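This report is meant for a reader who is meeting this structure for the first time. Please keep the sequence and the model in view while reading.

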Amino acid sequence: MIDLCLSVSKMRQRWLMMFIVALLIVVLPNCGRSPQARPDGTLVFASVGQPVSLEPGNITDGNSIYVQQQIYDRLVHVESGKTDLVPGLATEWNASEDGLIWTFKLRSGVKFHDNTPFNAEAVKVNVERWWDPGNALGFRDAGKTFEIWTNLFGGFKGDEASLLQGVSVVDDLTVEFIIKQPFAGFPAALSSGYFGMASPAAVAKAGADYGLIGSMAVGTGPFVFQEWVTGDRILLQRNSQYWQPNLPKIEQLVIRFIDEPASRLAELRAGTVDFTVDLSPDQRAEVEADPALDVILRPSFNVGYLALNPSYSPLAKLQVRQAIAHAIDREAIVQAFWKDLATTDEHFTPPSLAEFQAQTLATYDYDPAQAKQLLAEAGYPDGFDLELWYMPVSRPYYPTPKPISEAFASDLGKVGISVSLKTKDWSAYLTDRNRQPGFQAFMMGWTGDYSDPDNFYYPHFGPGATTDLGLWQNDQVLDLLDQGRRAIEPAERVQIYQQVDQILSQELVRIPIVHSQPLLAKRSTVTGWSPSPLGIESLEQVSESDSVER
């Protein structure tokens, strides 16, 4: 037990610090829990919230992906700290001359945590349960939606818009995907954290409960799932049979769910957690002032936006959406809540994809008078009532959603739009925004899964996109996104995505608010952590320096 390694004096100091923290923090998630002794080789990561599910292909949120990334491997991985693709469970991949068949060669000798073999048949089972609504292991009748599949690949089996036309086993270590049209980003899309490979035997055994609390999660990844304590933590154990030699570097990884940034930082300072993500930018000075901590800045690759659902009157009128864009002082809000860790502009894609952005866009500067005039022209001279939903958990793009939503409400109130703020459990928030007709207005964001404008546009505005904008779709955008996937020449793709940028800026169904640089922090003794610009990383390289004495 780690505590046995402590000197008596240091043990007393640690418990004294914990006692002080407990007094200072009025409300702590999982209140009443006392710090627990750790086995040797254990690190504690503070996540911003509980996963929705540990079932690959059936989640869209970062909380779930962060845990899944430790349990499951994908066919294609991403180089640590970068966006370049590297071999994962597939050692190589290539497309046919016409771009319609992708062949993946699989790594040999890999086994799932339940000791069943990973092979081409396992890939086929995983893909078909995501893609095929009639697949027996998809458990659609239990409410599983596999939403992200249609977001990225257009539709399910049988849908006209489905990119995938078939998946087949060539031999034990070779699998082929047949797609409807050329899509150079296909391997990159499969590298997304959604698409970890699960043990078919485990899925069959658990049935519709697979990946839920009280059930199992079985991959080939660096850590083996042990337990999920509701509202508290997930415990993962080192995979001693991992296919990457000498990894992971720790014996045990504890992922705790701590919603509030203040609580995460307090526990980090107390040493009860070792590293954490998505702190509030105004906590940077506190981290820098603590010699036991290090500031980590994740490369910016995201957008936080305000969604306006045109299925609701008066949001159906473009003038009203323009009025809202003019009413919100984005510059002031970003400065107040992110300081120098964010930028704001009119583009839905982040600055790192600037080459694909339109050179000139209509601007919506803060102008309350213009907003009032637009509301009057739209038939709402006295404004109207609006429900605005904010997420209950920190996100990389919205580290403090509630006060930011209050700033939106304040600005909108100045032009006569009376806002009632609403929120709910994170899982329900994600699900209910897609139940027709959806929320009126809501805060949401996106961190890129792969380095291409397609990944920002297609899941939001493509043929199988989220349905959180009611019945809104734009045929010209659909056509351009299709052209973007077919295009091979870089110059042609630039021209296509610049047009998409122009149209979406005019439509204003999702108003870009911020591109943030998320603030992370760790104990200075933690090494090997390379945060990914894509928002989530595997932690098999993370360890603690040998000089640490607990």
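The sections below go from the whole protein to a sheet, a helix, a strand and a single residue.

## The protein as a whole

The model described here is predicted, and its secondary structure comes to 16 helices and 21 strands. The radius of gyration is 24 Å, close to the 24 Å that the globule rule gives for 550 residues, so the protein is as compact as a globular protein of that length. Taken along the principal axes, the box that the C-alpha atoms fill is roughly 70 × 60 × 40 Å.

Of the 550 residues, 58% count as buried. The protein exposes about 21400 Å², and carbon and sulfur atoms supply 51% of that area. Among the contacts with a separation of 6 or more, 69% are accounted for by residues that stand 24 or more positions apart.

## An open sheet of seven strands

One sheet of the protein is open and consists of seven strands in the order E8-E9-E10-E1-E11-E19-E12, with mixed pairing. Its edge strands are E8 (223-229) and E12 (293-297), each of which pairs on one side only. Neighbouring strands of this sheet are turned by 20 degrees against each other on average, when direction is ignored.

Within the sheet, strand E1 (residues 42-47) and strand E10 (residues 252-257) pair in the parallel sense, over six bridges. One residue of this pairing is serine 47, whose bridge partner in E10 is phenylalanine 257.

## Helix H7 across the sheet

Helix H7 (residues 261-270) lies across several strands, namely E1, E10, E11 (275-279), E12 and E19 (519-523), and runs at about 155 degrees to E11. Eight of the ten residues of H7 are buried, so the helix is largely enclosed by the rest of the structure.

The buried residues of H7 are Pro261, Ser263, Arg264, Leu265, Ala266, Glu267, Leu268 and Ala270. The helix is followed by glycine 271, which has a positive phi, near 85 degrees.

## Strand E13 and its two partners

Strand E13 (residues 302-308) has seven of its seven residues buried, so E13 is largely enclosed by the rest of the structure. Both of its faces are covered, with Asn302, Gly304, Leu306 and Leu308 buried on one side, and Val303, Tyr305 and Ala307 buried on the other.

E13 pairs with strand E17 (residues 441-447) in the antiparallel sense over seven bridges, and in E17 the bridge partner of leucine 308 is alanine 441. E13 is also joined by four bridges to strand E18 (residues 510-516), and these two strands run antiparallel as well. In E18, the bridge partner of tyrosine 305 is proline 512.

## Valine 78 in strand E2

Valine 78 has its place in strand E2, which covers residues 76-78. Is this residue buried or partly exposed? Its relative accessible area is 21%, and because the cut-off for buried is under 20%, valine 78 counts as partly exposed.

Leaving aside residues up to four places away in sequence, valine 78 touches Thr83, Asp84, Leu85, Val86, Ser191 and Leu534. A further relation links valine 78 to tyrosine 450, which is 372 residues apart from valine 78 along the chain, while the C-alpha atoms of the two are separated by 8.8 Å.

Methods:
Residues numbered from 1 in each chain as written. Predicted model: local features only at pLDDT ≥ 70, side-chain atom pairs only at ≥ 80, totals over all residues. Heavy atoms only, no water. Buried < 20%, exposed > 50% of the residue type's maximum accessible area, 1.4 Å probe, protein only. Pairing = 2+ DSSP bridges. Contact = heavy atoms within 4.5 Å. Axes fitted to C-alpha atoms, helices over the stretch in contact; angles between N-to-C directions. Rg over C-alpha atoms; globule rule 2.2 N^0.38 Å. Areas by Shrake-Rupley, 256 points an atom, 1.4 Å probe, with all protein chains shown as cover.
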